[in-house]
There are 2 protein chains.
Amino acid sequence: MRRALELAARGPAVDPNPRVGCVLLDADGRTLGEGWHRGAGTPHAEVAALTAALADAGELPPGTTAVVTLEPCNHTGRTGPCSQALLDAGVSRVVIAQPDPTPLAAGGAEHLRAVGVEVVTGVMEREATALNEWFTASARLGRPVVTLKLASTLDGRVAAADGTSRWITGEQARLDVHRQRATAGAVVVGTGTALADDPQLTVRLPEGDPALALLHVAEGAPARQPLRVVVGTRELPASARLLDDVAETLLLPTHDPAEVLTTLGGRGIHHAWLEGGPTLAAAFLRAGLVDRLVHHLAPALLGSGAPLTGDLGIGTIAGLDRWRLDDVTRLGDDLRLTLTPEGAA
Amino acid sequence: MRRALELAARGPAVDPNPRVGCVLLDADGRTLGEGWHRGAGTPHAEVAALTAALADAGELPPGTTAVVTLEPCNHTGRTGPCSQALLDAGVSRVVIAQPDPTPLAAGGAEHLRAVGVEVVTGVMEREATALNEWFTASARLGRPVVTLKLASTLDGRVAAADGTSRWITGEQARLDVHRQRATAGAVVVGTGTALADDPQLTVRLPEGDPALALLHVAEGAPARQPLRVVVGTRELPASARLLDDVAETLLLPTHDPAEVLTTLGGRGIHHAWLEGGPTLAAAFLRAGLVDRLVHHLAPALLGSGAPLTGDLGIGTIAGLDRWRLDDVTRLGDDLRLTLTPEGAA
């Protein structure tokens, strides 16, 4: 399984599909074939491993075991169900790390057991799950995981009275934003921010930065940029940097956060990174559709200027929207707070 | 000197006067007498040590050394100058830890040297200075040190839209407030807060809390409470808890922070602890009269309600009031940030 996890990790970390590795072993534990999933539209890990094994041997020896980091899928997408492919090839035992968290693809283990294959589950499950953090969480939620990025002064201002805001946070906090964007399938802003700041919203990182690996899709292919998403009904000028050709941009003329997430989920996005502004933040918070806050706090005061979020519909202290502080990290002069909703797992 | 520092630490930590210890040694290093300052209005450490030594011996032997944690004073207050008292008693050598930071009382070492006494300075100076942190800082500033306490949500709100604010922070943060009050000579609020919250502003700590020692004045004497100060021109109702007889309350009908500090400095207060509200905070911040921020940050959002500070007169981002983050400590679910002005020593 350790080898299968190594293989899985070669796949693209941010992809509609999870990273999966598979090793086929004969009855004596010798490797017959290895495979991993290289991203949406390419063969699944099991099929890749079978192809490798069959190319050498023509057929699998009796007593072949498939070791796979994620439960073999049981549905037909762009590829056929892997559970059936393993059966057809004569695999007699399947060892699985993580059960498939998607209702659509699950059931592979059950199907295999039903036809008499020995199935072992839960081997190094934690390690396998960690490989596909956003995929797993998103599958559980049935929508993309939403991280809301906040950046403010100690008094919760995101801009000075005249609207200027560059820069409240320092260089390290801004670098952190680019790294976090790289973990997301989509970077989302409201039209207000798009018009006020004219951001490019791409991932821009110095050479050698480890987060650059998250933009890797396949060997030789150009780096993936997260989808840029602009939410709201106001029009952007043709000169907007968001409309350049460095990355794809999706304009969603809606004010409904749920609609935004349905659209993004439909595009295979597991993690949406929201960069504001206050109106978009308030809309997602009010809808209960924020799973994580990443708050860059600058040790500074403004005393006036735009607030961190718009009205949340909270009238009295009993309605206080409490979060759990999971992590506090210094980023240069600034502080990064990472929070999840109270009571979240 | 280590013994002199031990003696000094017996004095009241929060007092108009610094804590000082003194040991008199004969030429062979034998102790002739010890003394420490027990608080304003009682004999200085040098005089206490001389009294002890002379009670036993009648006079000091030749070659007596005085070891004292703070430069002997050179002025006549409620007691005469200690430098002269040491001279009169025939001390021939004086070893000093911390030089006197007050312009009024300094010059003792110089005076002693001028009349031929051997003077050694700087022995364990850091330890001695730490004994009288607020006294020393206040002497350097020529006014009380001002700590502004802030408490807010992540979005910088100190109350919900309807004015309710109990409680934004948790029990541990509130306990911390009482401990910090105990370090101050005065606890200061504006009339707005006094009227809105009807606070008592006393130090209330559970038995056995180490900060209770800060309220100690002298053996057997009742615990000292910091002076309660209300700044502003609005009148308090006779029923206000601030007007109870648990502690003294000073009403200062002014809006001028400098005037407040002059008054408090005149009362021998070295450390003023400001508890708000936003108007008082803004007045002190605008005047550049805040030396330290203690910010209790609750991991929560409100989206509306009273802001952390009033207008600071900052119109654009270039005017951002930056602070240096000296410490980050978790207090239960909350976070305490301690900050000093950028560029402060």
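Which residue takes a positive phi in the hairpin of β13(B) and β14(B)? The tour of this predicted model ends at that residue, after a visit to a sheet formed by earlier strands of chain B.

**The five-stranded sheet.** Begin by displaying chain B as a cartoon and selecting β1 to β5, which make up an open sheet with mixed pairing. Read across the sheet, the order of the strands is β2-β1-β3-β4-β5. Colour residues 31-36 (β2) and 118-120 (β5) of chain B to mark the edges, where each strand has a pairing partner on one side only. On average, neighbouring strands here are turned by 15 degrees against each other, direction ignored.

Next, select residues 65-70 (β3) and 93-98 (β4) of chain B, a parallel pair with five bridges. Within this pair, Ala66(B) lies opposite Val94(B).

Now add residues 45-57 of chain B, helix α2, which lies across β1, β2 and β3. Relative to β2(B), the helix runs at about 140 degrees.

**Strand β14 and its partners.** Move to residues 334-341 of chain B, strand β14, in which seven of the eight residues are buried. Show residues 292-298 (β11) of chain B beside it: five bridges connect β11 and β14(B) in the antiparallel sense. Centre on Leu297(B) to find Leu335(B) of β14(B) opposite.

Then select residues 321-331 of chain B, strand β13, which is antiparallel to β14(B) and joined to it by eight bridges. Leu331(B) has Asp334(B) as its bridge partner in β14(B). Finally, zoom in on the two residues between these strands: Gly332(B) is the residue with the positive phi, near 65 degrees.

Notes:
Residues are numbered from 1 along each chain as its sequence is written. Chains are lettered from A and ligands numbered from 1 in the order in which they are written. This is a predicted model: local features need pLDDT of at least 70, side-chain atom pairs count only at pLDDT 80 or more; totals for chains, interfaces and linings use all residues. Side-chain values use heavy atoms; hydrogens and water are left out. Two strands pair if DSSP finds at least two bridges between them. Helices (H or I, at least four residues) and strands (E, at least two) are DSSP runs, numbered from the N terminus. Axes are lines fitted to C-alpha atoms, for helices over the stretch in contact, and angles run from 0 to 180 degrees between N-to-C directions. Contact means heavy atoms within 4.5 Å. Buried means under 20% relative accessible area, exposed over 50%, partly exposed in between (1.4 Å probe, protein chains only).
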